[in-house]
There are 2 protein chains.
Amino acid sequence: MSVYLGLIEQLDLKLIRAIDMHTHADHVTALGDLRDATDCATLRGEFTRAECVSQHVREGETVAVDGVWLKALYTPGHTNESFGFMLDGRGECEDAVFTSDVLLIRGSGRTDFQGGDPYASYDSIVNKLFTLREETRAYPAHDYKGCTVSTIWEERRFNPRLAGKSAEQYAEIMRSLNLPDPKMIGVAVPANLACGQRA
Amino acid sequence: MSVYLGLIEQLDLKLIRAIDMHTHADHVTALGDLRDATDCATLRGEFTRAECVSQHVREGETVAVDGVWLKALYTPGHTNESFGFMLDGRGECEDAVFTSDVLLIRGSGRTDFQGGDPYASYDSIVNKLFTLREETRAYPAHDYKGCTVSTIWEERRFNPRLAGKSAEQYAEIMRSLNLPDPKMIGVAVPANLACGQRA
(Lines give C-alpha, C1' and ligand atoms only; values in the text may rest on other atoms or scores of the structure.)
Protein backbone atom coordinates (compact mmCIF):
# COMPACT_ATOMS: atom_id res chain seq x y z
CA MET A 1 0.00 0.00 0.00
CA SER A 2 2.73 2.51 0.97
CA VAL A 3 4.70 1.45 -2.13
CA TYR A 4 1.73 2.27 -4.35
CA LEU A 5 1.00 5.58 -2.64
CA GLY A 6 4.69 6.52 -2.74
CA LEU A 7 4.90 5.97 -6.49
CA ILE A 8 1.59 7.75 -7.11
CA GLU A 9 2.94 10.79 -5.27
CA GLN A 10 6.45 10.72 -6.77
CA LEU A 11 5.25 10.27 -10.35
CA ASP A 12 2.55 12.91 -9.81
CA LEU A 13 -0.26 10.54 -10.78
CA LYS A 14 -3.92 10.52 -9.84
CA LEU A 15 -5.31 7.06 -9.15
CA ILE A 16 -8.66 6.88 -10.95
CA ARG A 17 -9.45 3.18 -10.71
CA ALA A 18 -8.05 0.15 -8.91
CA ILE A 19 -8.95 -3.42 -9.82
CA ASP A 20 -8.98 -6.68 -7.87
CA MET A 21 -8.92 -9.42 -10.51
CA HIS A 22 -10.17 -12.08 -8.09
CA THR A 23 -10.72 -12.68 -4.39
CA HIS A 24 -7.26 -13.51 -3.06
CA ALA A 25 -6.87 -16.38 -0.59
CA ASP A 26 -3.25 -15.83 0.41
CA HIS A 27 -2.98 -12.11 1.13
CA VAL A 28 -5.24 -9.19 2.01
CA THR A 29 -6.03 -6.61 -0.67
CA ALA A 30 -5.27 -2.90 -0.31
CA LEU A 31 -8.24 -1.96 -2.47
CA GLY A 32 -10.26 -0.37 0.34
CA ASP A 33 -7.30 1.48 1.79
CA LEU A 34 -6.34 2.81 -1.66
CA ARG A 35 -9.92 4.01 -2.17
CA ASP A 36 -9.88 5.79 1.18
CA ALA A 37 -6.51 7.41 0.47
CA THR A 38 -7.13 8.44 -3.14
CA ASP A 39 -10.87 8.37 -3.69
CA CYS A 40 -10.34 5.96 -6.61
CA ALA A 41 -13.10 3.79 -8.02
CA THR A 42 -12.95 0.10 -7.02
CA LEU A 43 -13.47 -2.35 -9.89
CA ARG A 44 -14.25 -6.06 -9.78
CA GLY A 45 -15.61 -8.56 -12.24
CA GLU A 46 -19.36 -8.97 -12.39
CA PHE A 47 -19.43 -12.27 -10.48
CA THR A 48 -17.67 -11.13 -7.32
CA ARG A 49 -19.40 -11.43 -3.99
CA ALA A 50 -17.40 -8.47 -2.62
CA GLU A 51 -19.61 -5.72 -1.25
CA CYS A 52 -17.34 -2.69 -1.55
CA VAL A 53 -17.23 -2.42 -5.34
CA SER A 54 -18.11 0.80 -7.13
CA GLN A 55 -17.93 -0.56 -10.70
CA HIS A 56 -18.49 -4.08 -12.02
CA VAL A 57 -17.12 -5.13 -15.39
CA ARG A 58 -18.27 -7.93 -17.65
CA GLU A 59 -16.70 -10.03 -20.42
CA GLY A 60 -15.59 -7.89 -23.36
CA GLU A 61 -16.20 -4.57 -21.64
CA THR A 62 -13.47 -1.94 -22.09
CA VAL A 63 -12.37 0.34 -19.26
CA ALA A 64 -10.56 3.47 -20.49
CA VAL A 65 -8.51 6.05 -18.61
CA ASP A 66 -6.40 8.70 -20.34
CA GLY A 67 -5.41 6.74 -23.44
CA VAL A 68 -5.10 3.40 -21.66
CA TRP A 69 -7.62 0.77 -22.72
CA LEU A 70 -8.22 -2.36 -20.65
CA LYS A 71 -10.58 -5.02 -21.98
CA ALA A 72 -12.07 -7.39 -19.41
CA LEU A 73 -11.76 -11.13 -20.07
CA TYR A 74 -13.74 -13.53 -17.92
CA THR A 75 -11.23 -16.26 -17.10
CA PRO A 76 -12.62 -18.62 -14.46
CA GLY A 77 -10.67 -21.64 -13.23
CA HIS A 78 -8.47 -20.43 -10.41
CA THR A 79 -11.67 -19.03 -8.91
CA ASN A 80 -15.11 -18.86 -10.48
CA GLU A 81 -15.05 -15.05 -10.52
CA SER A 82 -11.56 -14.30 -11.93
CA PHE A 83 -11.11 -11.72 -14.66
CA GLY A 84 -8.06 -11.02 -16.81
CA PHE A 85 -7.44 -7.68 -18.52
CA MET A 86 -6.05 -7.04 -21.97
CA LEU A 87 -4.05 -3.83 -22.43
CA ASP A 88 -4.80 -2.50 -25.89
CA GLY A 89 -1.78 -0.46 -27.02
CA ARG A 90 -3.65 0.92 -30.10
CA GLY A 91 -0.34 0.82 -31.95
CA GLU A 92 1.33 3.24 -29.55
CA CYS A 93 2.74 0.58 -27.26
CA GLU A 94 2.79 -3.20 -27.26
CA ASP A 95 -0.33 -5.10 -26.34
CA ALA A 96 -0.19 -7.00 -23.07
CA VAL A 97 -2.46 -9.20 -21.01
CA PHE A 98 -2.67 -9.31 -17.24
CA THR A 99 -3.49 -12.93 -16.49
CA SER A 100 -4.06 -12.76 -12.74
CA ASP A 101 -3.46 -16.22 -11.22
CA VAL A 102 -5.11 -18.18 -14.01
CA LEU A 103 -2.08 -18.40 -16.30
CA LEU A 104 1.33 -18.16 -14.63
CA ILE A 105 4.79 -18.31 -16.23
CA ARG A 106 5.32 -22.00 -17.06
CA GLY A 107 2.53 -22.79 -14.62
CA SER A 108 -1.06 -22.01 -13.67
CA GLY A 109 -3.01 -21.12 -10.55
CA ARG A 110 -4.38 -23.89 -8.36
CA THR A 111 -7.97 -24.91 -9.01
CA ASP A 112 -9.04 -26.56 -5.78
CA PHE A 113 -10.97 -23.93 -3.83
CA GLN A 114 -13.16 -20.81 -4.21
CA GLY A 115 -15.03 -22.34 -7.14
CA GLY A 116 -11.80 -23.29 -8.87
CA ASP A 117 -12.17 -25.88 -11.60
CA PRO A 118 -9.44 -27.39 -13.78
CA TYR A 119 -11.67 -27.68 -16.85
CA ALA A 120 -12.69 -24.03 -16.56
CA SER A 121 -9.02 -23.11 -16.10
CA TYR A 122 -8.05 -25.07 -19.22
CA ASP A 123 -10.84 -23.42 -21.19
CA SER A 124 -9.87 -19.91 -20.01
CA ILE A 125 -6.22 -20.44 -20.88
CA VAL A 126 -6.40 -22.46 -24.09
CA ASN A 127 -9.56 -21.08 -25.66
CA LYS A 128 -9.24 -17.48 -24.50
CA LEU A 129 -5.72 -16.40 -23.47
CA PHE A 130 -3.89 -18.61 -25.98
CA THR A 131 -5.97 -17.18 -28.84
CA LEU A 132 -4.44 -13.74 -28.32
CA ARG A 133 -1.68 -12.68 -30.73
CA GLU A 134 1.44 -14.72 -30.04
CA GLU A 135 3.64 -11.69 -29.40
CA THR A 136 1.30 -10.42 -26.66
CA ARG A 137 3.21 -10.01 -23.41
CA ALA A 138 1.65 -11.89 -20.51
CA TYR A 139 2.03 -10.49 -16.99
CA PRO A 140 0.99 -12.89 -14.22
CA ALA A 141 0.04 -11.75 -10.73
CA HIS A 142 2.66 -13.99 -9.09
CA ASP A 143 5.90 -15.68 -9.95
CA TYR A 144 8.00 -17.63 -7.53
CA LYS A 145 11.26 -17.49 -9.49
CA GLY A 146 11.62 -13.75 -9.99
CA CYS A 147 10.24 -13.58 -13.54
CA THR A 148 7.76 -10.82 -14.34
CA VAL A 149 6.66 -11.33 -17.95
CA SER A 150 6.26 -14.00 -20.59
CA THR A 151 4.51 -14.08 -23.96
CA ILE A 152 1.53 -16.01 -25.27
CA TRP A 153 3.93 -17.64 -27.77
CA GLU A 154 6.18 -18.91 -24.98
CA GLU A 155 3.40 -20.23 -22.78
CA ARG A 156 1.64 -22.02 -25.64
CA ARG A 157 4.84 -23.88 -26.42
CA PHE A 158 6.60 -24.29 -23.08
CA ASN A 159 4.05 -24.26 -20.28
CA PRO A 160 4.50 -27.83 -19.07
CA ARG A 161 0.96 -28.14 -17.78
CA LEU A 162 -0.61 -27.06 -21.04
CA ALA A 163 1.63 -27.59 -24.07
CA GLY A 164 0.29 -30.60 -25.94
CA LYS A 165 -2.06 -31.48 -23.08
CA SER A 166 -5.77 -32.27 -23.37
CA ALA A 167 -8.30 -30.89 -20.89
CA GLU A 168 -8.39 -34.33 -19.22
CA GLN A 169 -4.61 -34.46 -18.88
CA TYR A 170 -4.56 -30.93 -17.47
CA ALA A 171 -7.28 -31.78 -14.95
CA GLU A 172 -5.31 -34.82 -13.83
CA ILE A 173 -2.17 -32.69 -13.35
CA MET A 174 -4.11 -30.14 -11.32
CA ARG A 175 -5.83 -32.80 -9.20
CA SER A 176 -2.50 -34.44 -8.39
CA LEU A 177 -0.90 -31.25 -7.00
CA ASN A 178 -2.26 -31.92 -3.48
CA LEU A 179 -1.39 -28.44 -2.23
CA PRO A 180 -2.07 -27.45 1.38
CA ASP A 181 -4.57 -24.66 1.99
CA PRO A 182 -2.99 -21.17 2.10
CA LYS A 183 -2.28 -20.29 5.74
CA MET A 184 -4.30 -17.10 5.54
CA ILE A 185 -7.35 -18.38 3.68
CA GLY A 186 -9.70 -18.17 6.68
CA VAL A 187 -8.78 -14.54 7.20
CA ALA A 188 -8.00 -13.37 3.67
CA VAL A 189 -11.15 -14.43 1.84
CA PRO A 190 -13.66 -12.74 4.15
CA ALA A 191 -11.41 -9.67 4.45
CA ASN A 192 -11.02 -9.42 0.68
CA LEU A 193 -14.78 -9.56 0.17
CA ALA A 194 -14.75 -6.28 2.11
CA CYS A 195 -11.87 -4.80 0.06
CA GLY A 196 -9.45 -5.76 2.82
CA GLN A 197 -10.94 -3.65 5.55
CA ARG A 198 -12.98 -5.92 7.80
CA ALA A 199 -13.15 -9.67 8.20
CA MET B 1 22.38 -21.35 -14.79
CA SER B 2 19.66 -23.91 -15.67
CA VAL B 3 17.17 -21.02 -15.98
CA TYR B 4 19.40 -19.29 -18.54
CA LEU B 5 20.09 -22.48 -20.51
CA GLY B 6 16.39 -23.40 -20.44
CA LEU B 7 15.38 -20.04 -21.93
CA ILE B 8 18.20 -20.14 -24.50
CA GLU B 9 16.95 -23.52 -25.68
CA GLN B 10 13.24 -22.70 -25.59
CA LEU B 11 13.62 -19.38 -27.39
CA ASP B 12 16.02 -20.97 -29.91
CA LEU B 13 18.79 -18.48 -29.15
CA LYS B 14 22.54 -18.82 -29.51
CA LEU B 15 24.48 -17.24 -26.65
CA ILE B 16 27.32 -15.24 -28.23
CA ARG B 17 28.60 -13.25 -25.28
CA ALA B 18 28.03 -13.18 -21.52
CA ILE B 19 29.14 -10.29 -19.31
CA ASP B 20 30.03 -10.05 -15.63
CA MET B 21 29.70 -6.37 -14.77
CA HIS B 22 31.79 -6.66 -11.61
CA THR B 23 33.25 -9.27 -9.30
CA HIS B 24 30.34 -10.32 -7.10
CA ALA B 25 30.90 -10.77 -3.38
CA ASP B 26 27.58 -12.34 -2.45
CA HIS B 27 27.01 -15.07 -5.02
CA VAL B 28 29.04 -17.15 -7.47
CA THR B 29 28.86 -16.33 -11.18
CA ALA B 30 27.73 -18.83 -13.81
CA LEU B 31 29.99 -17.21 -16.43
CA GLY B 32 32.40 -20.14 -16.73
CA ASP B 33 29.64 -22.74 -16.77
CA LEU B 34 27.75 -20.79 -19.45
CA ARG B 35 30.93 -20.62 -21.54
CA ASP B 36 31.47 -24.35 -21.20
CA ALA B 37 27.85 -25.11 -22.09
CA THR B 38 27.46 -22.69 -24.99
CA ASP B 39 30.96 -21.73 -26.12
CA CYS B 40 30.05 -18.07 -25.57
CA ALA B 41 32.67 -15.34 -25.20
CA THR B 42 33.20 -14.07 -21.63
CA LEU B 43 33.33 -10.30 -21.26
CA ARG B 44 34.59 -8.19 -18.38
CA GLY B 45 35.63 -4.59 -17.95
CA GLU B 46 39.27 -3.78 -18.57
CA PHE B 47 40.20 -3.45 -14.89
CA THR B 48 39.07 -6.89 -13.74
CA ARG B 49 41.57 -9.24 -12.15
CA ALA B 50 39.60 -12.27 -13.35
CA GLU B 51 41.69 -14.68 -15.40
CA CYS B 52 39.07 -16.40 -17.49
CA VAL B 53 38.04 -13.49 -19.68
CA SER B 54 38.06 -13.74 -23.47
CA GLN B 55 37.22 -10.09 -24.20
CA HIS B 56 37.88 -6.95 -22.16
CA VAL B 57 35.89 -3.79 -22.77
CA ARG B 58 36.82 -0.22 -21.94
CA GLU B 59 34.94 3.05 -21.34
CA GLY B 60 32.92 4.08 -24.37
CA GLU B 61 33.49 0.90 -26.33
CA THR B 62 30.41 -0.57 -28.07
CA VAL B 63 29.73 -4.29 -28.17
CA ALA B 64 27.33 -5.29 -30.94
CA VAL B 65 25.47 -8.53 -31.57
CA ASP B 66 22.70 -8.88 -34.17
CA GLY B 67 21.27 -5.39 -33.98
CA VAL B 68 21.79 -4.98 -30.24
CA TRP B 69 24.31 -2.33 -29.25
CA LEU B 70 25.74 -2.16 -25.73
CA LYS B 71 28.05 0.71 -24.81
CA ALA B 72 30.39 0.15 -21.88
CA LEU B 73 30.39 2.76 -19.10
CA TYR B 74 33.11 2.61 -16.48
CA THR B 75 31.23 3.15 -13.23
CA PRO B 76 33.50 2.51 -10.23
CA GLY B 77 32.29 2.98 -6.66
CA HIS B 78 30.66 -0.27 -5.63
CA THR B 79 33.92 -1.89 -6.74
CA ASN B 80 36.84 -0.26 -8.53
CA GLU B 81 36.28 -2.42 -11.65
CA SER B 82 32.51 -2.11 -12.16
CA PHE B 83 31.11 -1.39 -15.60
CA GLY B 84 27.58 -0.43 -16.60
CA PHE B 85 26.16 -0.98 -20.08
CA MET B 86 23.93 1.29 -22.10
CA LEU B 87 21.49 -0.39 -24.50
CA ASP B 88 21.25 1.77 -27.60
CA GLY B 89 17.83 1.16 -29.13
CA ARG B 90 18.72 3.12 -32.33
CA GLY B 91 15.13 4.28 -32.47
CA GLU B 92 13.78 0.74 -32.79
CA CYS B 93 13.29 0.20 -29.08
CA GLU B 94 13.71 2.32 -25.99
CA ASP B 95 17.16 3.05 -24.65
CA ALA B 96 18.03 1.43 -21.35
CA VAL B 97 20.97 1.28 -18.99
CA PHE B 98 22.06 -1.70 -16.95
CA THR B 99 23.47 -0.18 -13.80
CA SER B 100 24.88 -3.26 -12.09
CA ASP B 101 25.10 -2.61 -8.33
CA VAL B 102 26.28 0.98 -8.60
CA LEU B 103 22.85 2.59 -8.92
CA LEU B 104 19.92 0.67 -7.44
CA ILE B 105 16.23 1.63 -7.35
CA ARG B 106 15.99 4.33 -4.66
CA GLY B 107 19.37 3.13 -3.38
CA SER B 108 22.95 2.35 -4.34
CA GLY B 109 25.43 -0.47 -3.87
CA ARG B 110 27.62 -0.51 -0.76
CA THR B 111 31.06 1.05 -1.14
CA ASP B 112 33.05 -0.53 1.68
CA PHE B 113 35.05 -3.37 0.11
CA GLN B 114 36.70 -4.54 -3.15
CA GLY B 115 37.99 -1.07 -3.87
CA GLY B 116 34.59 0.48 -3.27
CA ASP B 117 34.62 4.24 -2.69
CA PRO B 118 31.67 6.51 -1.98
CA TYR B 119 33.14 9.48 -3.89
CA ALA B 120 33.73 7.29 -6.96
CA SER B 121 30.18 5.95 -6.60
CA TYR B 122 28.78 9.49 -6.43
CA ASP B 123 30.80 10.51 -9.48
CA SER B 124 29.70 7.44 -11.47
CA ILE B 125 26.05 8.00 -10.63
CA VAL B 126 25.72 11.77 -10.74
CA ASN B 127 28.23 12.66 -13.45
CA LYS B 128 27.73 9.65 -15.69
CA LEU B 129 24.44 7.77 -15.19
CA PHE B 130 22.36 10.83 -14.29
CA THR B 131 23.53 12.63 -17.46
CA LEU B 132 21.74 10.06 -19.64
CA ARG B 133 18.42 11.09 -21.13
CA GLU B 134 15.82 11.31 -18.39
CA GLU B 135 13.47 8.79 -20.01
CA THR B 136 16.18 6.12 -20.12
CA ARG B 137 15.04 3.00 -18.28
CA ALA B 138 17.46 1.90 -15.57
CA TYR B 139 17.73 -1.81 -14.76
CA PRO B 140 19.69 -2.59 -11.58
CA ALA B 141 21.29 -5.96 -10.89
CA HIS B 142 19.42 -6.36 -7.60
CA ASP B 143 16.32 -5.13 -5.91
CA TYR B 144 15.09 -6.25 -2.54
CA LYS B 145 11.46 -5.13 -2.92
CA GLY B 146 10.52 -6.87 -6.16
CA CYS B 147 11.01 -3.90 -8.49
CA THR B 148 12.88 -4.49 -11.75
CA VAL B 149 13.15 -1.14 -13.49
CA SER B 150 13.24 2.58 -12.81
CA THR B 151 14.16 5.59 -14.97
CA ILE B 152 16.98 8.11 -14.78
CA TRP B 153 14.29 10.77 -14.21
CA GLU B 154 12.92 8.95 -11.17
CA GLU B 155 16.28 8.24 -9.58
CA ARG B 156 17.55 11.79 -10.06
CA ARG B 157 14.51 13.08 -8.22
CA PHE B 158 13.65 10.39 -5.70
CA ASN B 159 16.75 8.39 -4.82
CA PRO B 160 17.03 9.36 -1.16
CA ARG B 161 20.80 8.93 -1.06
CA LEU B 162 21.42 11.19 -4.04
CA ALA B 163 18.63 13.68 -4.69
CA GLY B 164 19.87 17.05 -3.55
CA LYS B 165 22.90 15.52 -1.85
CA SER B 166 26.52 16.65 -2.21
CA ALA B 167 29.36 14.15 -2.62
CA GLU B 168 30.27 14.74 1.03
CA GLN B 169 26.72 14.09 2.21
CA TYR B 170 26.54 10.93 0.09
CA ALA B 171 29.87 9.69 1.47
CA GLU B 172 28.60 10.24 5.01
CA ILE B 173 25.42 8.26 4.27
CA MET B 174 27.46 5.40 2.81
CA ARG B 175 29.93 5.40 5.69
CA SER B 176 27.14 5.24 8.24
CA LEU B 177 25.51 2.12 6.75
CA ASN B 178 27.73 -0.21 8.82
CA LEU B 179 26.74 -3.30 6.86
CA PRO B 180 28.12 -6.73 7.81
CA ASP B 181 30.32 -8.49 5.28
CA PRO B 182 28.39 -10.74 2.86
CA LYS B 183 28.42 -14.28 4.21
CA MET B 184 29.93 -15.69 1.04
CA ILE B 185 32.61 -13.06 0.40
CA GLY B 186 35.56 -15.31 1.25
CA VAL B 187 34.34 -17.93 -1.20
CA ALA B 188 32.63 -15.81 -3.84
CA VAL B 189 35.35 -13.31 -4.67
CA PRO B 190 38.12 -15.82 -5.44
CA ALA B 191 35.65 -18.10 -7.25
CA ASN B 192 34.35 -15.22 -9.35
CA LEU B 193 37.86 -14.24 -10.40
CA ALA B 194 37.88 -17.68 -12.04
CA CYS B 195 34.43 -17.20 -13.65
CA GLY B 196 32.88 -19.21 -10.83
CA GLN B 197 34.68 -22.47 -11.45
CA ARG B 198 37.46 -22.79 -8.90
CA ALA B 199 38.20 -20.99 -5.66
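The following exercises, with worked solutions, concern a predicted model.

**Exercise 1.** Determine how many residues each chain gives to the contact between chain B and chain A, and how much area is buried there.

*Solution.* Begin with the residues: 8 come from chain B and 8 from chain A. Next, take the area: the two chains bury about 730 Å² between them. Of this area, 63% lies on carbon and sulfur atoms. Finally, consider how the loss is distributed in chain B: B:Q10, B:L11 and B:F158 lose the most area to chain A, and together they make up 53% of what that side buries.

**Exercise 2.** State the number of salt bridges and of residue pairs in polar contact between chain B and chain A, and identify the elements that give two or more residues to the chain B side.

*Solution.* First, count the salt bridges, for which the result is 0. Second, count the residue pairs in polar contact; there are 2, with both residues of each pair at pLDDT 80 or more. Third, assign the elements: on the side of chain B that touches chain A, two or more residues come from each of α1 (2-10) and α4 (152-158) of chain B. The most is given by α4(B), with 3 residues. Last, sort this side by residue class, which yields 4 nonpolar, 2 polar and 2 charged residues.

**Exercise 3.** List the buried residues of helix α6 (residues 185-192) of chain A and name a strand that is included in what covers them.

*Solution.* Apply the cut-off for burial, under 20% relative accessible area. The residues of α6(A) classed as buried are A:A188, A:V189, A:A191 and A:N192. Then examine their cover, which includes β2 (41-45) of chain A.

Note on methods: Residues numbered from 1 in each chain as written. Chains lettered and ligands numbered in written order. Predicted model: local features only at pLDDT ≥ 70, side-chain atom pairs only at ≥ 80, totals over all residues. Heavy atoms only, no water. Contact = heavy atoms within 4.5 Å. Buried area = accessible area lost by both parts, 1.4 Å probe. Salt bridge = Lys/Arg side-chain N within 4 Å of Asp/Glu carboxyl O. Polar contact = N/O pair within 3.5 Å; in protein donor to acceptor, adjacent residues only side chain to side chain. Helix = DSSP H or I, 4+ residues; strand = E, 2+ residues; numbered from the N terminus. Nonpolar A, V, L, I, M, F, W, Y, C, P; charged D, E, K, R; others polar. Buried < 20%, exposed > 50% of the residue type's maximum accessible area, 1.4 Å probe, protein only.
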